[in-house]
Amino acid sequence: MHGYSRLGTARASGSPPSSPRFRHGRGKSGGGGGGGSKQSVVEKVIFLLISAVFRRRGVLLLAPLLYISGMLLYMGSLSFDVVGLKNGVVVVHKRPPPGSVYRSPQVFEKLWPFMQAENGTENALMSVWKSKGRQVWKPCVYKDIPNTGMTELPRSNGYFIIEANGGLNQQRLSICDAVAVAGLLNATLVIPIFHLNSVWRDSSKFKDIFDEDFFIHTLRQRVNVVRELPEDVLQRFENNISKIVNLRVKAWSSPTHYLHKVLPKLVELGAVRIAPFSNRLAHAVPSNVQGLRCMANFEALRFSEPIKMLSEKMVDRMVSKNIHSGGKYVSVHLRFEEDMVAFSCCEYDGGKEEKHEMDIARERSWRGKFRRRGRVIRPGANRVDGKCPLTPLEVGMMLRGMGFDNTTSVYVAAGKIYKAEKFMAPLKQMFPRLETKDTLASPEELAPFEGHSSRLAALDYTVCLHSEVFVTSQGGNFPHFLMGHRRYLYGGHSKTIKPDKRKLALLFDNPKIRWKDFKRQMRDMLHHSDQKGIEMKKASGSLYTFPVPDCMCKQAEAKTENNNMTTRRTKLLI
């Protein structure tokens, strides 16, 4: 028997090619007829052989090979440089494809004098975003909740328990999806349990990162949330939560699956558990289920008081340090920690030492994964395909090319940078006004957060959320959630620079590039990011990155261009 769901049910053979005709030139030499006769015989034999091949459809076998060879030559994968002759033999060596080698330091050496010449002459920060959407969007997650009094929820079908794993924003994803599923099943959600991840190694609980009371209160009219299972329910399972049945749910499961498979078990047993609960709900779900995701992510999940207090101070300090630019600053999510460099399987300029360190790092965090039979690591192909994390140097060159001069204040959100002294030096050289959480907060202020990567990431998240420009240098949940949150706060525009890393790979592999050409390419890239800032969610997209139109509504009158960002900064909706 199924329980009651408040949100309702989810919704000849062809002929062979003809032989080509060959035109045969006749010999005009004055020699005897015997030579001409032999030549004619040879030509006839060759003609018959070629005709036989074509009749046997040999061309169909050769054509794909010829096409693939031509494309590889065109793309540079089979390019060769002639070195010379040795004992009558041509000696060649393979030329690496364009964009496959890390040559950014050589490009920087060439362009640095031109950057210095433009110090203090312009700052794109003051007029970086020019795109204006036809409509201005505003949050409207409360649109279907009555303003008059409390709405009593129907009797619950049982308790829904989930386990969230991963880092800060992977946990955030699991929490919001759990709220949506609990609403769909008319279940009571137990505050999610955080799994101690072998990579993140953070023992924080929900209340250490998020404001538990605020979370429960905000959702009270949509989903019932409790801190823990009632004693009488827990006793039915021998006071051991692991005794509660753990349902195996496939990734990206539909609402229909939950209603047909999970709901009956929930009603029968009174409590069900899904662990792990990562990416267990499809992107495309009915609007009422999406509404629960919106409310959970953008309204109910606010950081805990210790995180909120310090992050507000850090934002205020960034603003006060940049009075000359109206309190505006650039934030950069820099993914150049050792584990990220190792996981990307990219090569930089560290030679054998770097390769040895990366092999150790890969084995430490992903035992045997990169040594499996058939696994081929292709650093050059990864770089050409835009899969390599940008170095601090590359991020700095990109920003300088876009018009952000040395007076721009830059906040770097990152973990422990791989060989920081070496790789961070050029970024500091280009942007002396560079800040991190370690420079904005004192050691005493950061002490309670040390050893807890998710809490430290929450500090970075907040400072990045309230910057005028956010720069993402690598994929992942952090930039995806942040872009969506910024769209939610800033009228639908993410105000984010999302670089084309395939194009950058080619540009950074050209030490002869002129500063004028480099700037033009970077300005085009900035313009593209500006245009893509206002973007609606597609059918397969995530509302955590694209909250329009599921979480936002069109505003009747457009706001003025100069929104009071200071007011928005003080209202930290996290």
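Modeller: Before we look at any single element, a word on labels: helices are DSSP runs of H or I with at least four residues, strands are runs of E with at least two, and both are numbered from the N terminus. The model we are reading is a predicted one.

Colleague: Where does a residue take a positive phi just after helix 8?

Modeller: That residue is Gly 270, which takes a positive phi of about 85° just after helix 8.

Colleague: How many residues does helix 8 have, and how does its reach relate to the expected span?

Modeller: Helix 8 runs over residues 255–269 and has 15 residues, and the 20 Å from its first C-alpha to its last is close to the 21 Å expected at 1.5 Å a residue.

Colleague: At which residue does a kink lie in helix 8?

Modeller: The kink, of about 40°, lies at Val 262, shortly before the proline Pro 264. Both residues are also among the buried residues of the helix, a set that further includes Pro 255, Tyr 258, Leu 259, Leu 263 and Leu 266.

Colleague: What do the buried residues of helix 8 pack against?

Modeller: They pack against strand 4 (159–164), helix 4 (168–185) and strand 8 (271–274). Keep helix 4 in mind, for we shall return to that element with the salt bridges.

Colleague: Let us turn to the aromatic rings; how many aromatic pairs does the count come to?

Modeller: With ring centres required to lie within 6.5 Å, the count comes to 20 aromatic pairs. One of them joins Phe 336 and Phe 423, with 4.9 Å from centre to centre and 65° between the planes, an edge-to-face arrangement. This pair links distant parts of the chain, 87 residues apart, with Phe 336 in the loop between strand 9 (330–333) and helix 11 (338–344), and Phe 423 in helix 15 (residues 420–430).

Colleague: Are Phe 336 and Phe 423 buried or exposed?

Modeller: Phe 336 has a relative accessible area of 0% and is therefore buried, and Phe 423, at 4%, counts as buried too. A stacked case is given by Trp 515 and Phe 518, so classed because the ring centres are 6.0 Å apart and the planes stand at 25°.

Colleague: What is the general idea behind residues three or four places apart in a helix?

Modeller: An α-helix has 3.6 residues a turn, so residues three or four places apart point the same way. In this model Trp 515 and Phe 518 are three residues apart in helix 21 (residues 515–533), and they are thus separated by about one helical turn. Trp 515 is buried at 7% relative accessible area, and Phe 518 is buried at 0%.

Colleague: Which residues does Met 115 touch, leaving aside residues up to four places away in sequence?

Modeller: Met 115, in helix 3 (residues 104–117), touches Phe 108, Met 397, Arg 400, Met 430 and Trp 515, the last being the residue we have just met in the stacked pair. Met 115 is buried, at 0% relative accessibility, and its C-alpha atom is separated by 8.3 Å from that of Gly 401, although the two residues are 286 residues apart along the chain.

Colleague: How should one read a positive charge over a ring, and which residue lies over the face of Tyr 490?

Modeller: One asks whether NZ of Lys or CZ of Arg is within 6 Å of the ring centre and within 35 degrees of the ring normal. Lys 495 lies over the face of Tyr 490, at 5.1 Å from the ring centre, and Arg 362 lies over the face of Phe 370, at 5.8 Å.

Colleague: How many salt bridges does the structure hold?

Modeller: The structure holds 27 salt bridges. In one of them, Arg 293 meets Asp 177 at 2.8 Å, N to O, and that pair links helix 9 (residues 287–300) to helix 4 across 116 residues of chain, Arg 293 belonging to helix 9 and Asp 177 to helix 4. Arg 293 is buried at 2% relative accessible area, and Asp 177 is buried at 1%.

Colleague: Is Glu 238 buried or exposed?

Modeller: Glu 238 is exposed, with a relative accessible area of 59%, and its salt-bridge partner is Lys 243, at 4.0 Å, N to O. Lys 243, at 48%, counts as partly exposed, because exposed requires over 50%.

Methods: Residues are numbered from 1 along each chain as its sequence is written. This is a predicted model: local features need pLDDT of at least 70, side-chain atom pairs count only at pLDDT 80 or more; totals for chains, interfaces and linings use all residues. Side-chain values use heavy atoms; hydrogens and water are left out. The expected span of a helix is 1.5 Å times one less than its number of residues. The bend at a residue is the angle between axes fitted to the seven residues ending there and the seven starting there. Buried means under 20% relative accessible area, exposed over 50%, partly exposed in between (1.4 Å probe, protein chains only). Contact means heavy atoms within 4.5 Å. Rings of Phe, Tyr and Trp (its six-membered ring) pair if their centres lie within 6.5 Å; planes under 30 degrees apart count as stacked, over 60 as edge-to-face and the rest as tilted. A salt bridge is a side-chain nitrogen of Lys or Arg within 4 Å of a carboxyl oxygen of Asp or Glu.
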